[in-house]
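Here are my notes on the model you sent round. Please read them with the structure open.

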2 protein chains.
Amino acid sequence: MKKTSLNDIAQQLGVSKTLVSLVLNGKGNEYRISEDIQKKVKELARKLNYKPNQIAKGLRTGKTNTIGLIIADIANPFFGKLGREIEREAASHGYRVMFCSSDEKAENAKLQIEMLQQGQVDGFIISPPNGSEEQIKQLKNSKTPFVLIDRYFPEIESNCVVVDNLKASCEGTEHLIKNGRKRIACITTNPGMLNMDNRLDGYKKALTDAALEVDENLIKILPFSHEIKDVMEAIKELTSLDENKIDAILFTTSKVGVMGIQCLHLLDLKIPEDVAVVSFDDLDAYKISRPSITAIAQPLEEIGKHSVKILLEAMTDKSKKKELHKIVLETKFVIRNSSIK
Amino acid sequence: MKKTSLNDIAQQLGVSKTLVSLVLNGKGNEYRISEDIQKKVKELARKLNYKPNQIAKGLRTGKTNTIGLIIADIANPFFGKLGREIEREAASHGYRVMFCSSDEKAENAKLQIEMLQQGQVDGFIISPPNGSEEQIKQLKNSKTPFVLIDRYFPEIESNCVVVDNLKASCEGTEHLIKNGRKRIACITTNPGMLNMDNRLDGYKKALTDAALEVDENLIKILPFSHEIKDVMEAIKELTSLDENKIDAILFTTSKVGVMGIQCLHLLDLKIPEDVAVVSFDDLDAYKISRPSITAIAQPLEEIGKHSVKILLEAMTDKSKKKELHKIVLETKFVIRNSSIK
DNA sequence: TTTCTTTGTTAAACCGATTTAGCAAAAATC
DNA sequence: GATTTTTGCTAAATCGGTTTAACAAAGAAA
């Protein structure tokens with residue numbers, strides 16, 4: 001039982017496939033096709049359950065109605081939820097989403113982008129890994145519409161949707177200070193990535209603003225790809241400082257945060273008594289954890305909606321003067337038990 | 001800067017595009033194209049950064065090298081991790097994955113399958129929602145290769161990869177019994193869905209095997225789509241039973257589990273002192289939760305690998321006698337603090 | 001009656017690849 | 001020298017749609 005094509009309908013009715021195509025694309029009246037024939041075409045199409053082949057359509061029109069989404073890892077709940085929002089918003093505009101996990105490796109992202117660029121997608125939403133500047137430039141040169149999310153490269157003018165990482169981080173750190181913490185550590189990752197650097201800067205700014213010393217010994221920067229043992233090592237170093245033990249940790253990603261909290265439990269350090277905790281990204285895990293974890297929640301729905309809308313605009317706007325959008329959204333600070341006395 | 005096509009290369013070298021296509025597809029020797037010309041073609045292709053248009057290729061060959069994945073919700077960590085495994089395995093065989101979240105609604109799945117079936121994917125991996133039997137039958141009739149995961153329909157012969165839900169659930173319940181629990185409740189969802197029904201049966205079997213009464217009052221079945229308030233209501237009912245208060249709960253999905261644990265915390269019920277907890281699916285959340293949560297872990301990597309491999313076989317095997325595979329995998333029971341004294 | 005419009009429809013090009021069938025020239029065989 | 005085989009390459013069909021240009025028939029205007 002092979003699928004019905006335009007030609008099948010045309011032949012059965014003894015008309016041209018042009019006519020069938022016009023009618024089924026709603027251009028029947030515009031092209032003055034008689035009502036009678038229009039009705040016949042539509043009826044037969046329904047009867048044969050005709051669905052246009054999207055590949056053929058895509059080849060001719062150059063449109064696929066598909067968005068390529070390049071993120072670090074769809075298994076990471078942060079990206080999973082973000083991906084869902086993007087999928088939802090895209091679907092509401094008739095677009096599908098091709099998900100690709102880059103594992104934060106520029107090489108992977110390069111291959112994925114190149115692959116999808118061969119006529120498979122109309123545009124991209126990308127969370128660009130460290131070192132993928134060249135790839136993004138190439139994308140820009142090739143006039144492929146795209147939107148960067150979560151981070152961007154200041155030296156490359158492009159659409160992007162991010163959050164105010166510096167402010168968010170600063171707010172989280174201030175909260176710890178206000179709650180009497182004096183030796184606040186920061187465990188972060190992905191150095192050189194703008195969003196992470198901003199989060200570290202926000203931490204430092206809060207300390208400086210409160211006239212507290214920024215002690216480089218309290219800052220642990222993990223490699224791009226880190227395992228729980230890396231986090232454990234960092235925490236052990238932080239807690240084995242002879243004088244002035246740490247009394248709080250700011251985790252700049254939920255991945256580090258989850259691992260860090262596991263480590264604190266393993267080391268039998270009480271949260272928040274021994275160490276207060278604040279983490280970026282709000283997970284279900286943080287809500288059910290005992291104590292519940294204070295989190296810096298990113299507005300995932302907004303990020304998803306904005307990025308899709310901007311991309312759609314870039315994809316459909318024929319006028320050459322494509323305006324670039326740089327959207328900076330606010331995070332929401334959710335105070336729970338891990339950070340208060 | 002538009003993309004280079006086969007024709008561009010052919011014209012610049014003054015040869016036919018047939019020749020270029022043959023050379024670039026490694027059939028140069030087979031078709032006795034001279035070494036000299038082969039070299040020139042390959043060089044120019046590299047120089048012009050030629051990448052074949054996958055849409056055109058797909059139209060001609062009828063192959064897209066894309067798999068359609070229909071799951072409940074990519075934001076659900078269980079499906080996120082599973083999706084990642086499928087993406088990984090597919091990529092290792094040169095396939096891409098189109099993710100679709102059905103929200104467990106048959107209508108959504110129907111639209112998504114119909115949409116992708118129009119030449120966009122070569123096959124499907126599907127976690128079929130309740131009520132999507134007709135759609136799966138249609139898929140089967142249309143000879144589209146597919147593999148069902150997580151659940152399947154016994155009345156429809158098809159490839160599938162699932163876990164031994166009955167055994168897993170039985171094991172979890174037995175563990176609670178062994179640890180002295182006598183009034184064990186079960187909160188489940190999606191009635192009529194085979195995997196869920198099996199989990200409930202496993203729970204009942206363990207009770208019966210231990211000569212404990214199966215009290216229907218202790219079984220709460222939530223509607224397909226449930227919110228935390230539904231879970232709260234169920235738990236309130238369970239804990240307000242006058243005589244013989246419950247002393248344990250088995251959650252049959254992590255979504256229900258996470259919500260349930262939140263509720264127990266809100267109600268100030270101590271885990272495991274007041275209520276012991278065992279949940280299906282192993283989340284990061286369960287590892288960092290205090291107490292850590294005993295979980296029935298599904299072998300996500302195995303499920304991903306098997307489903308992709310079976311699908312690949314179904315997609316490439318030209319011999320009509322497609323053997324159907326029904327794979328039943330074992331779960332892993334991870335004992336943590338939520339279920340022991 | 002002749003010419004111009006309008007109406008209703010279609011042939012053919014096109015998108016960019018793959019694949020089949022075949023052709024001219026050179027080499028081998030008789 | 002004539003015939004067959006091999007070598008090296010290409011024209012054209014094809015996938016299933018969309019889109020452009022055009023054409024015959026009928027009606028309106030001159």
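The points below take the DNA contacts, then a sheet, then two helices.

1. Status. This is a predicted model. Please read every distance and angle below as computed from that prediction.

2. Surroundings of DNA strand C. The strand is surrounded by 27 residues. The closest are A:Tyr31, B:Ser5, B:Leu6, B:Ser21 and B:Arg60. Both chains therefore appear in that short list, as A:Tyr31 shows for chain A.3. Sugar-phosphate and bases. Take the atoms of DNA strand C within 4 Å of the protein. Of these, 52% belong to sugar or phosphate, and the rest to bases.

4. Polar contacts to DNA strand C. On the base side, an N or O atom in the side chain of A:Arg60 is 3.1 Å from a base oxygen. B:Lys17 places a polar side-chain atom 3.2 Å from a base nitrogen. On the backbone side, a phosphate oxygen is 2.5 Å from an N or O atom in the side chain of B:Ser21.

5. Elements near DNA strand C. Which elements give two or more residues to this surface? They are α2 (17-24) and α4 (54-61) of chain A, together with α2 (17-24) and α4 (54-61) of chain B. The largest share is four residues, and it comes from α4(B).

6. The sheet of chain B. Six strands form an open sheet in the order β7-β6-β8-β9-β10-β12. The pairing is mixed. At the edges are β7 (219-222) and β12 (332-334) of chain B, and each pairs on one side only. From one strand to the next, the twist averages 15°.

7. One strand pair. Strands β8 (residues 248-251) and β9 (residues 276-280) of chain B run parallel and are joined by four bridges. Within this pair, B:Phe251 stands opposite B:Ser279 in β9(B).

8. A helix across the sheet. Helix α8 (residues 165-178) of chain B lies across β6 (184-189), β8, β9, β10 (294-297) and β12 of chain B. Helix α8 runs at about 170° to β9(B).

9. Helix α7 of chain B. Which residues of α7 (residues 133-141) are buried? B:Gln135, B:Ile136 and B:Leu139 are. Seen down the axis of α7(B), the buried residues fall within an arc of 100°, so they line one face of the helix. Their cover includes α6 (106-117), β3 (123-126) and β4 (146-149) of chain B. Just after α7(B), B:Lys143 takes a positive phi of about 65°.

Methods: Residues numbered from 1 in each chain as written. Chains lettered and ligands numbered in written order. Predicted model: local features only at pLDDT ≥ 70, side-chain atom pairs only at ≥ 80, totals over all residues. Heavy atoms only, no water. Pairing = 2+ DSSP bridges. Axes fitted to C-alpha atoms, helices over the stretch in contact; angles between N-to-C directions. Contact = heavy atoms within 4.5 Å. Buried < 20%, exposed > 50% of the residue type's maximum accessible area, 1.4 Å probe, protein only. Arc of directions from axis to C-beta. Near = heavy atom within 4 Å. Polar contact = N/O pair within 3.5 Å; in protein donor to acceptor, adjacent residues only side chain to side chain.
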